[in-house]
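Open your viewer and get ready to click along. The stops below go from one selection to the next.

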Amino acid sequence: MGDKKKQKLQPNQQQYQAFQQKREIKRPIFKNCIKAFLIGGLICLIGQLISTFYIYQFNFTEKTAGNPTVATLIFITMLLTGFGVYDRIAQFAGAGSAVPVTGFGNAVISSAIEYRSEGFILGVGSNMLKLAGPVIVYGVFSAFIVALIKTILTQWGGF
Amino acid sequence: MIFFWAFVVGGLICVIGQIMFDVFKLSPAHTLSILVIAGAVLDGIGWYEPLIDFAGAGATVPITSFGNSLVHGAMQEAEKHGLIGVVTGMFEVTSAGISAAIIFGVIGAIIFKPKG
């Protein structure tokens, strides 16, 4: 919490803030990082196995094999999410299961399943990208800025 | 050897995400957005492509590759059509991740019932 925000609070509220901070459970950061490393690495290892399979079986190149690999991983995520396995992995792994593309898939698929009871158009359709929306929005916007700068530099600046 | 580096690099990117969760207390949405933006910037300065050559799926599976491939699609079109290409080419390379997520999301909603 910023200092400016703190000044606006009443004295007893400040006391409560200090009390709350003292009582907040310390997160086992090192242990969580090890777990995230192992599970995240494992998911990427599985991804590498899948893309090696695509390279040797379907004549993809190293560069183009990324796309079918991502699609396959998201398909596997759909099954794991549907049977409720992915949630358990996520509880154990934290960022290890959220950062790979499977976490993106899980965010989309779990909200699609969850909002099914509100109907397919207003429920599934409009809530599906609720969690994944920020990633797409800011991914596209930042990519636009980066590509714009790069294009201007290379095409007009003659770098 | 690429399997080993895929594991290590992929794992390290996840550790960066975990540190953002735990140390900086960011929500998953914030963390993932920052990682995507980082991927886009890294590709802009030309560092992401060598990482993919080095670590394979270790660099293409984490969400950072999403930003990378958005920039890549935009740059490919920009070479052909100039500035308009930046807008039109954006999803050229990335389409697989988003379309797979949406397609399997709807299929999942049809097949599976929500719990609880």
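How many residues does the contact take from chain A and from chain B? Select the two sides: chain A gives 64 residues and chain B gives 62 residues. Keep in mind throughout that this is a predicted model.

**Stop 1: the side of chain A that touches chain B**

Colour α3 (29-58), α4 (66-82), α6 (95-98), α7 (101-114) and α9 (133-156) of chain A; these are the elements that give two or more residues to the side touching chain B. Which of them gives the most? Look at α9(A), with 16 residues. Now recolour this side of chain A by residue class, and you will find 39 nonpolar, 21 polar and four charged residues.

**Stop 2: α3(A) from end to end**

Next, select α3(A) on its own, a helix of 30 residues. From its first C-alpha to its last it reaches 42 Å, close to the 44 Å expected at 1.5 Å a residue. Step just past the end of α3(A) to Asn59(A), where phi is positive, near 60°.

**Stop 3: α3(A) against α5(A)**

Keep α3(A) on screen and add α5(A), residues 85-93 of chain A. Two packed helices are described by the angle between their axes and the distance between the axes. Here the axes come within 8 Å and cross at roughly 135°, which means that α3(A) is oblique to α5(A). Which residues make this contact? Show side chains for Lys35(A), Ala36(A) and Ile39(A) on α3(A), then for Ile89(A), Phe92(A) and Ala93(A) on α5(A). By class, this contact has five nonpolar residues, no polar ones and one charged.

**Stop 4: annotated spans and domains of chain A**

For chain A, the unreviewed UniProt entry places "transmembrane region" at residues 36-56, 68-86, 93-115 and 135-153. Try two of these spans in turn:

- Residues 93-115 of chain A are 83% helix and 0% strand, with end C-alpha atoms 25 Å apart.
- Residues 135-153 of chain A are 100% helix and 0% strand, and their end C-alpha atoms lie 27 Å apart.

Then colour chain A by its domain assignment, which gives domain 1 (29-128) and domain 2 (133-159). If you place a marker at the C-alpha centre of each domain of chain A, the two markers will be 27 Å apart.

**Stop 5: over to chain B**

Hide chain A and show chain B as a cartoon. How many helices and strands are there in chain B? You should find seven helices and zero strands, in the pattern α-α-α-α-α-α-α along the sequence. The C-alpha atoms of chain B fill a box of roughly 50 × 35 × 30 Å along the principal axes.

To finish, select residues 6-24 and 83-112 of chain B, listed by UniProt (unreviewed entry) as "transmembrane region". Residues 6-24 of chain B are 89% helix and 0% strand, with 26 Å between the end C-alpha atoms. In chain B, residues 83-112 are 77% helix and 0% strand, with end C-alpha atoms 44 Å apart.

Terms used. Residues numbered from 1 in each chain as written. Chains lettered and ligands numbered in written order. Predicted model: local features only at pLDDT ≥ 70, side-chain atom pairs only at ≥ 80, totals over all residues. Contact = placed C-beta atoms within 7 Å. Helix = DSSP H or I, 4+ residues; strand = E, 2+ residues; numbered from the N terminus. Nonpolar A, V, L, I, M, F, W, Y, C, P; charged D, E, K, R; others polar. UniProt positions renumbered as here; feature names shortened; annotations may be inferred. Axes fitted to C-alpha atoms, helices over the stretch in contact; angles between N-to-C directions. Parallel < 35°, antiparallel > 145°, perpendicular 65-115°, else oblique. Expected span 1.5 Å × (residues − 1). Domains from an automatic or database assignment.
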